[in-house]
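Visitor: Please take me through the side-chain contacts and helix packing. Start with a single residue, then move outward.

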Amino acid sequence: MGGVSAEVYGALLQVLEGKSRSVRDELAPEDDEDEEEKLPVANISEVAEVLDPTIDLGATIKGLASSNGVPNGVGKHKTEADDGIKREGSDDEEKPNGFTSYRDRAKRMSLIEAHLSLLEEHGKSFCQRARAHNSNEWRVNFPALTSMLIEAELDNTVRDRFGQIALRIVRMLRDRGKLDEKLVASNVMMRVKDVRAILTQLQFHGILEAQELPKDNGRQPSRTLYLWFFDPKRVQSLVLQQSYKAMSRTLQRIPVERERYRTIIEKAERTDIKGHEQEKLEAIEKQMLREWREIEERLLAQVGRVDEIVALLRDFSGKDTSLVT
C-alpha cells in the first residue's frame, strides 16, 4: 500500500483510539447484532488534524501527485509569470486568502479520502465508509481485523513448527471443511502416503482432528472413513496454553541463570562498584557480567514476544480461551 497510505491509516487509528471502548466491550456477545454500527467513526477533517502536514499525500496516487513536489497541494499559487496578470505586492510572497486556503484544504481532504478508499478496496478491508456510500465518516472493523491477525498468527505457528506443506493442508481444511485424506492429497498434489504422515503428525500435536465415519456396523478401521478438519478455536486455545507454558519456563530460567553468575552479580551490585564496573572489575569479571546481562536481555525479550502472542489470542479477541480444553 505504501508508506503514505500507512501514515493516513495510522492517523485514522489514532483518531478512533480516543473514541473506542475496550476490545472486550466491543466484542461482548450482546453486541453481536449491532456490532458494526457500534464501532467508532472518524471524519476526514479529524484525520487531517492528526496527519503530519509535511507528507506528500499525492506522491503515491497516480494522477494526484502534488505539483512541484509541494506536500498536500499547499504552497505558492499562480504568479504574474503564470497567467500574465500583475498583482499588488507581487514582489513579496503571496499570502493565501480565504479562497486559496479553502481550496488547499479541500484538496488535502480529497487526497486523504483517496488513500482511505485504497485501504477500503484492499482485500483485507482495512477501513470502510460509515453509513452512506458518499459519507465523510470512516470506521475500522476491529473484530474482523483481529480475527485475521489471529488467523495469521496460527498460520505462522503451523509453518514454523511443521513446515510449508503442513500450512497448505491446514489452510485448505479451514477453507473447505472436512475432507478425507484422498481429497487432501489430490488438492495438495501429493501422494496419499506422504499426506497421511503429515495429517497424523498434525493430529498428534492437536492441530487437526479426525471424524470417524464407519461404513458398516462392524466399525473396523479398514472399513472406516476418516474426515480431517481444522478447528480454529481449539487450536487458538492450544497455542495460548503453550504460550503460557513457554512464558512460565522462561521466567523460571532467569533465576537459574542468575545463580550461575551470582558471585559477579553481587560484586557488581556493591555500592562501591556499581556505576564504576569498567574501572574496578577485572577483565574476566567484566566478561562474565556482560554474558549475564546478554542472557537476561534475551530471556526477557523472549517473554515480551510471547506476551504479545498472549495479548493477541486472549485479550484482543475479547474472549479468554486460556481455560478451554
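**Contacts and packing**

Visitor: Is Tyr 261 buried or exposed?

Guide: The relative accessible area of Tyr 261 is 7%. Under 20% counts as buried, over 50% as exposed and anything in between as partly exposed, using a 1.4 Å probe and protein chains only. At 7%, Tyr 261 is therefore buried.

Visitor: This model is predicted; which pLDDT do its local features need?

Guide: Residues are numbered from 1 along each chain as its sequence is written, and side-chain values use heavy atoms, leaving out hydrogens and water. In this predicted model, side-chain atom pairs count only at pLDDT 80 or more, totals for chains, interfaces and linings use all residues, and local features need pLDDT of at least 70.

Visitor: How many aromatic pairs does the structure hold?

Guide: Rings of Phe, Tyr and Trp (its six-membered ring) pair if their centres lie within 6.5 Å. Planes under 30 degrees apart count as stacked, over 60 as edge-to-face and the rest as tilted. The number of aromatic pairs in the structure is two.

Visitor: What kind of pair do Tyr 9 and Phe 126 form?

Guide: The ring centres of Tyr 9 and Phe 126 are 5.7 Å apart, with 65 degrees between the planes, which makes the pair edge-to-face.
The pair links distant parts of the chain, 117 residues apart: Tyr 9 is in helix α1 (residues 3–17), and Phe 126 is in the loop between α5 (98–121) and β2 (128–129). Tyr 9 is buried at 14% relative accessible area, while Phe 126, at 23%, is partly exposed. The kind of pair is edge-to-face.

Visitor: How are helices and strands assigned and numbered here?

Guide: They are DSSP runs: helices are H or I over at least four residues, and strands are E over at least two. The numbering of these elements runs from the N terminus.

Visitor: Is Phe 126 buried or partly exposed, and at what relative accessibility?

Guide: Its aromatic partner Tyr 9 is buried, with 14% relative accessible area. Phe 126 counts as partly exposed, at 23%.

Visitor: Which residue pairs with Tyr 261?

Guide: The second ring's centre lies 6.4 Å from that of Tyr 261, and the 35 degrees between the planes make the pair with Trp 292 tilted. Tyr 261 lies in the loop between α10 and α11 and its partner in helix α13, so the pair ties together parts 31 residues apart in sequence. The partner is buried at 4% relative accessibility, and its name is Trp 292.

Visitor: At what angle do α10 and α13 pack?

Guide: Two packed helices are described by the angle between their axes and the distance between the axes. Axes are lines fitted to C-alpha atoms, for helices over the stretch in contact, and angles run from 0 to 180 degrees between N-to-C directions. The axes of α10 and α13 are 9 Å apart, and their angle is about 160 degrees.

Visitor: Are α10 and α13 roughly parallel or roughly antiparallel?

Guide: Angles under 35 degrees count as roughly parallel, over 145 as roughly antiparallel, 65 to 115 as roughly perpendicular and the rest as oblique. The angle between α10 and α13 is about 160 degrees. The two helices are therefore roughly antiparallel.

Visitor: How many salt bridges does the structure hold?

Guide: A salt bridge is a side-chain nitrogen of Lys or Arg within 4 Å of a carboxyl oxygen of Asp or Glu. The number of these in the structure is 16.

Visitor: How far apart are the closest N and O atoms of Glu 285 and Lys 267?

Guide: Glu 285 and Lys 267 form a salt bridge, with an N to O separation of 2.7 Å. The pair links distant parts of the chain, with Glu 285 in helix α13 (residues 283–316) and Lys 267 in helix α11 (residues 262–268), 18 residues apart. Glu 285 is buried at 15% relative accessibility, whereas Lys 267 is partly exposed at 24%. The closest N and O atoms are 2.7 Å apart.

Visitor: Which partner of Arg 253 in a salt bridge is buried?

Guide: Arg 253 and its partner Glu 257 meet at 2.8 Å, N to O. Being four residues apart in helix α10 (residues 232–260), they are separated by about one helical turn. Arg 253 is partly exposed at 43%. The buried partner, at 4%, is Glu 257.
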